[in-house]
Amino acid sequence: MKFAHEFKEALQRGGFPEHWVESAVPYGQLKKLLKKVQQELSDLGLDRETMRQLLTAHRTPSAVGPIAMAKYHLDPNDSRLLRPRLTVYVHLKDGVAVDASLSPASRDFVKELVSKASLTQDDPSTGTKFVEHDDIVGNELARLPALSTAADPSLPIREQPLQRIEVPLVFDGEFFQILQNDVASLDALQREQQESMEAEILDLGQEVSEVARPSKFSKSDLSRWREIFELYVDARIFFSTQELDHGARTSDVAVKQLVWFQSEVQRRGLLSKFKLPASKSTYQHFLALNATLLRSLEFQEINKRAVAKILKKFDKRTSLGVSKDFRSVVRSDSFMSDTIAKNICARMVTEVVSVVPKIDDYLCPICFSIAWLPVRLVCHHVFCIRCIIKMQRERKRFCPLCRANVVMEADITNLDENLIKFLERWFRKETKEKQKANEIERGKELFGDSYQHTSCSMM
Ligand SMILES: [Zn+2]
Ligand SMILES: [Zn+2]
């Protein structure tokens, strides 16, 4: 399928808001302009091949390295408006280009250009300018060694004027102006979306903290939300931290991962287990926000592809080789970069997912169960009390994480009271289970393996 058609379909199919579609890359318009650029170049005798030869022909040998006989580049002026410029550097003798490396077609082009320019030299509307070599091209060209020329080998090259000719083109300027404006409006759109998503994320964080709030007496959906967010992090929908496939996801992958996450939540019946009615609407809000981010990613993706395609087409049809230049000259902080999914995802994790603390962040690094009761050593590393007691019995003096000599000095004052309160609040079930496991272990130590645990506490 042709890309123009594919792009149009993707815009229609995507269900994007109308004002997004209005900012989409005007691919058809750019394609028409590209035709005009081609026409303009061919009217000047600059077909693809001649253009390619001019841009790649080098004056050699040269003390300053090879220098192209023509240059095409995008000039960002003060208003940050790109002005493409095609400049040709030639030695002229009686209005005829005499460089040996010029092909007959290129020679014809220069001759044509020169004759037009001299005929209408007093008419500023032609835009063709002749400039002596020592002003703009500078010393670089002036220092070039003499070249033999096919036109008149008896004449030293220094006596032949080296001239810079700016080729007047109109439609390429229009092409890049439209493209540049569109990238700017896509950038603005992206920023606007990012801001609105960030605001929504803050709201959602509030909602989650309401429904996932731990509660002793009233109902809470803490454990359901914890499971949902664990699944969400596992799904790595927009961003992967896996070593093998790290970095931003394409929207195709993100769709698959989001579908997996939703079906897994369904499969585990987490929604029907909700005790608070508000949990359901919060979950819907969470899904909707993910869907918005996904759509934004899709929109960015297809537009980036359209920009790449049209630039590639431009290069292919004109030989002007400008895609790279465009990317480095055009400022685009949001649209052309991959940062939006990354930023939004990071915000989603810090403002929403992290509202519900994860057990993984509170494990004892020795026994890999919850660090209960938590003992904070002088080196600030935290272990469960059982593991510290065992280390002290075995006279292991060094912290297993940082090798500081701090284990033997730990006592009751090293219990982290704030962390105790925090773990009791957020991990009620886990702390109780660990407490019981500790009691059983202690009972077996005292009374042997036949020890039978009763609910009477003895820790
Ligand atoms: Zn432990
Ligand atoms: Zn340590």
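Here's a quick look at a zinc site and the nonpolar cores in a predicted model. Residues count from 1 along each chain as written, with chains lettered from A and ligands numbered from 1 in written order. Local features need pLDDT of at least 70 and side-chain atom pairs 80 or more, while totals for chains, interfaces and linings use all residues; side-chain values use heavy atoms, without hydrogens or water.

**Zinc site**

The zinc ion (ligand 1) has four protein donors, Cys364, Cys367, Cys384 and Cys387, each through SG and lying 2.3 to 2.4 Å away. Donors here are N, O and S atoms within 2.8 Å of the metal (3.2 Å for Na, K and Ca). Angles among the 4 donor atoms run from 100 to 119°, making the site tetrahedral (four donors, all angles between 85 and 135 degrees). Along the chain the spacing reads C-x2-C-x16-C-x2-C. Cys364 sits in the loop between helix 12 and strand 8, and Cys384 in strand 9, so the pair ties together parts 20 residues apart in sequence. Helices are DSSP H or I runs of at least four residues, strands E runs of at least two.

| Residue | Relative accessible area |
|---|---|
| Cys364 | 0%, buried |
| Cys384 | 0%, buried |

Buried means under 20% relative accessible area (1.4 Å probe, protein chains only).

**Cores**

A nonpolar core joins buried Ala, Val, Leu, Ile, Met, Phe, Trp, Tyr and Cys residues through side-chain atoms within 4.5 Å. The largest has 62 residues, and Phe261 and Leu377 are among those touching the most other members. A second, separate core of 51 residues includes Phe16 and Ile310.

Note on methods
Four donors count as tetrahedral if all angles lie between 85 and 135 degrees; four count as square planar and six as octahedral if opposite donors are over 155 degrees apart and all others between 65 and 115; anything else is irregular. Buried means under 20% relative accessible area, exposed over 50%, partly exposed in between (1.4 Å probe, protein chains only).
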